[in-house]
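Q: I am new to this structure and would like to go through it step by step. Could we begin with a single residue and work outward?

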Amino acid sequence: MAGRPIAAIYARLSEEDRVKTNGEENSRSIINQLMLLRQYAEQMGWDVYECYTDDDWAGADRNRPAFNRLLRDAEQGKFNIVLCKTQSRFTRELEMVEKYIHGLFPLWGIRFVGAVDHADTSVKGNKKSRQINGLVNEWYLEDMSENIKAVLNTRRQEGCYIGSTPLYGYRKDPERKGHLVVDPEAAGIVKLIFHSFANGMGKTAIARMLNERGIPNPTEYKRQKGIIKKAPKHKAGTMWKYFAIAGILGNEMYIGNLVQGKYGSISYKTKKNKPLPREQWIRVEHTHEPIIDKELWDTVQKMLRERAKPFSTGEIGLFAKKVRCKYCGYTMRSGKGRGRHYLNCSSRHVAKDACIGSFIYVDKLEQMVLEEMGKINLKFLDEKRLEDEVVIQEDPGEDIEKWKQQCIRQRQRREQIDAAIKNLYLDKVKGDIDGDQFQVLYHGLDSDREKAKVSLRQLEQKIEHVQSRSGVQRSKHDIIRKYVNPSKLSRPMVEQLIDHIEVSRRDPETKRIKIEIHWNF
């Protein structure tokens, strides 16, 4: 790339200095960053290719849209400098520092510069300080995550509502943060639902009644009131469903109790959550005004227990949450009639024009899936390739392969920390850092190394325990054979092989039901 250097400016809004005046505008922090970086580029004699901005995105989030667009443009050689305010604005993960700043950027001929913290890949000896910055940022993320969890749990235990939007039937108290007050309009619908059920109406019948009256479901109600902005994908998204009614009838927040902390984050590096055991939920009684009195609540809960499906075994259904209606996209509900289990679209029961509906018997669907697997096997099967490429998980709770990968990452992490400690000693010997700085950095690194060591030991023990319990392991070849031409499906097979299935209505002429299987391979 001849001529003047060309820089790509990247700016990101950090959580601690977020100041927004309008949801549609960039924050003042972003504007200030761009002004600073443009001036810096001008002083250095660099042309600016483009300014990439991610507003309200965490530094550990790898799904930042502008960040990923910058990486694609960098790989295509559209500029030769990436300029940020600091290295932490680019990423707070040490792994990403090593992958891009120290790995791919040099291969792509790109220099990384942090205008404020003086991170610069063109400066000899600057790499160690960038690695230490990466470790410090990693600790910052982990500590911040734990601190936020602790604060939120304390607020929950104090009886404060911490949700971003209030529960249907309530609104946030403008006079008292974390307190809920009754929303009379929505509360009236909640009372109607409870009384209707207590008087013998089923959940689907209640949903149909509300839809016929033109009453918006909770999500659509909040959108109409300006509480949320996300518009529904289709008309069915504005309608009441069986599960919405069930959720309201079983939520004890309507008798004045707060039940929070049902989900917890998988890791501070991801926004994904996982359900927590009931004993870990945080429950505080009498935190806000009840909509439903205790007598009506007890009556409804007793009826719900009595109406529980008698054929339910507590096991996960073969196609649970895997089958969708072709016409409205909603997950099909299970039922039983004349001794056979079936799946049907609940939308067609809640309103006349919600959906034309789909229906299929579970055993018929299983037969059709097995037939499709047979066709794929005959046409495309290469057992050796499957054996090499497909990871079969016979028991989702015993994912040894996943644990082995985590072991590899923990060993790599220890190696990175050992290298950083070695460089730290060299910096102390050369006088680049004083004794106090050395002690602070060393203790942090040593603590992180010990955590990695403990985590690695726990993972190895888990692997050893599962392997010893299962005895001699069947070869992957034997397992593959079971998936190649099975006579019956199992839940692990469905989980492994199928993303989802779309079911259409029976064709009036051919009398056949069409299915579309979306495979995981």
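Q: Where is His 286 placed?
A: His 286 sits in the loop between strand E10 (282-284) and H10. Helices (H or I, at least four residues) and strands (E, at least two) are DSSP runs, numbered from the N terminus. This is a predicted model, in which local features need pLDDT of at least 70 and side-chain atom pairs count only at pLDDT 80 or more, while totals for chains, interfaces and linings use all residues. Residues are numbered from 1 along each chain as its sequence is written, and side-chain values use heavy atoms, with hydrogens and water left out.

Q: Is His 286 buried or exposed?
A: His 286 counts as exposed, at 67% relative accessibility. Buried means under 20% relative accessible area, exposed over 50%, and partly exposed in between (1.4 Å probe, protein chains only).

Q: What about its phi angle?
A: His 286 has a positive phi of about 55°, although it is not a glycine. His 118 also has a positive phi, of about 65°, and is not a glycine.

Q: Where is His 118 found?
A: His 118 is in the loop between strand E4 (111-114) and helix H5 (127-157). His 118 is exposed, with a relative accessible area of 60%.

Q: Turning to the interior, which residues touch the most other members of the largest nonpolar core?
A: They are Tyr 168, Ile 193, Phe 194, Leu 210, Trp 240, Tyr 254 and Ile 292, out of 34 residues in that core. A nonpolar core is a set of buried Ala, Val, Leu, Ile, Met, Phe, Trp, Tyr and Cys residues joined through side-chain atoms within 4.5 Å.

Q: Which elements give two or more residues to this core?
A: Those elements are strand E6 (180-182), helix H6 (184-198), helix H7 (203-212), helix H9 (242-249) and helix H10 (294-306). H6 gives the most, with seven residues.

Q: And Val 182, where is that found?
A: Val 182 is in strand E6 and is buried, with a relative accessible area of 18%. Val 182 and Glu 289 are 107 residues apart in sequence, yet their C-alpha atoms are 6.9 Å apart in space.

Q: How far is Arg 89 from Asp 54?
A: Their C-alpha atoms are separated by 9.9 Å, and the two residues are 35 residues apart along the chain. Arg 89 belongs to helix H3 (residues 87-90) and counts as buried, at 7% relative accessibility.
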